[in-house]
Amino acid sequence: MPLSRTVFAVGVLVSLHAGALGAQGRRVLANGDPEAQLMGYYAAVMQFTPVGLPSRDGRFEFGGTGTVIPAVSLQDRIVGFGGTKAEHSNLCPVYPRLTASKGFGRYGVEVGYTPPLTVCGAKANVVALAIGRRLTLGQTWDGYLRLSAIAGSVEASTTCDSEAVANPLDLTCYGGTPSSDKIAPLAGALEFVAAYQGWRGSHLEPYVSAGIRYERIAFDVNYSRTVAQGALVSLPAMEDHNRLQANLARLHLAAGAAWDLSRRLRLGGELYYAPSALLTVRGRGAIAL
């Protein structure tokens, strides 16, 4: 894909998604709101970082990445129904993404996609794009300026899952239908990467990076219950169709390396830190086609 078309695609992706969010009349949460922080946590999990820069020799690489999702504590998940109920958000241990990258001289283009398959009770449909340019910083260092964006959604029963609606001790969820909830992140990030070139003989390219990202995260709650006759108490009908939004601007740091195991196989690893959000590890494997 030509570079100009990639830039245009990123702009269209961001503008269309932003317009859709604005039309919903959402309640915007304060940055320090616990529910906004939980939404930001999972948006940070889905952030599109390089996990090894695109190949210097212009190869087309296809593969995938996995991001470890650390479990969120019970205390940090008690954000639902006005801070009285824990969200059932500890679903999958890893967030997967298919990736492809191609170098065009000093420029690099990356595409990521998580297809809409139901895994661990969650169905994600998230697209990611990135463009970057290498810069010469010295004899043994390259710089890489990278602009990325993600948009999409993840659907899961986080408010009231199947276990909660079957539990008569859960006075909020019991007797209802498992909730159909959706988190929809829209994020753009600008980061600078410094990549060490002194170990070319070992086919290893370590790097460190720092960046800033803006996230607009929508969360739709869809839960309903008619009058429930439980073993202990009769519960009233309940509806929750909140439309929430969090707007967050945050920094992130990363350190990692790419290793050309062979001419056709490239591996990458990255330690990623988003202050006030999470510390996690990402891994990548790619085949040159």
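## Strand 5 and its two neighbours

Glycine 64 has leucine 98 in strand 5 as its bridge partner. That bridge is a good place to start a walk through this predicted model, in which local features need pLDDT of at least 70, side-chain atom pairs count only at pLDDT 80 or more, and totals for chains, interfaces and linings use all residues. Residues are numbered from 1 along each chain as its sequence is written, and side-chain values use heavy atoms, with hydrogens and water left out.

Strand 2 (residues 60–68) runs antiparallel to strand 5 (residues 94–104), and nine bridges connect the two. Strands here are DSSP runs of E with at least two residues, helices are runs of H or I with at least four, and both are numbered from the N terminus; two strands pair if DSSP finds at least two bridges between them. Strand 5 also pairs in the antiparallel sense with strand 6 (residues 107–114), this time over seven bridges. Leucine 98, the partner of glycine 64, stands opposite tyrosine 113 in strand 6. At threonine 99, the bridge partner in strand 6 is glycine 112.

## The hairpin and the next strand along

How many residues lie between strand 5 and strand 6 in their hairpin? There are two, and glycine 105 in that turn has a positive phi of about 65°. In the same part of the chain, lysine 102 lies over the face of phenylalanine 104, at 4.8 Å from the ring centre. A charge sits over a ring if NZ of Lys or CZ of Arg is within 6 Å of the ring centre and within 35 degrees of the ring normal.

Strand 6 goes on to pair with strand 8, again antiparallel, through eight bridges. One pairing to look for in the viewer is valine 111 with leucine 129, its bridge partner in strand 8. As a general point, side chains in a regular strand alternate between the two faces of the sheet.

## Phenylalanine 192 and serine 209

Phenylalanine 192 belongs to strand 10 (residues 181–196). Its relative accessibility is 33%, so phenylalanine 192 counts as partly exposed (buried is under 20% relative accessible area, exposed over 50%, partly exposed in between, with a 1.4 Å probe and protein chains only). Apart from residues up to four places away in sequence, phenylalanine 192 touches Leu135, Leu137, Gly143, Tyr144, Leu145, Val208, Ser209 and Ala210, where contact means heavy atoms within 4.5 Å. For alanine 210, the separation from phenylalanine 192 is 18 residues in sequence but 5.7 Å in space, C-alpha to C-alpha.

Serine 209 sits in strand 11 (residues 204–220). Is serine 209 buried or exposed? Serine 209 is buried, because its relative accessible area is 8%. With neighbours within four places in sequence set aside, serine 209 is in contact with Glu191, Phe192, Val193, His252, Leu253 and Ala254.

## Aromatic company

There are three aromatic pairs in the structure. In one, tyrosine 196 and tryptophan 199 have ring centres 5.3 Å apart and planes at 80°, so this pair is edge-to-face. Rings of Phe, Tyr and Trp (its six-membered ring) pair if their centres lie within 6.5 Å, with planes under 30 degrees apart called stacked, over 60 edge-to-face and the rest tilted.

Both partners are partly exposed: tyrosine 196 because its relative accessibility is 23%, and tryptophan 199 because its value is 43%. Trp141 joins Tyr196 and Trp199 in one aromatic cluster. Elsewhere, arginine 282 is placed over the face of tyrosine 272, at 4.2 Å from the ring centre.

## Two loop residues with positive phi

Valine 51 is not a glycine, yet it has a positive phi of about 50°. You will find valine 51 in the loop between helix 2 and strand 2. With a relative accessible area of 1%, valine 51 is buried.

Serine 276 also has a positive phi in a residue other than glycine, with a value near 65°. Its place is the loop between strand 17 (265–274) and strand 18 (278–288). Serine 276 counts as exposed because its relative accessibility is 63%, whereas valine 51 is buried.
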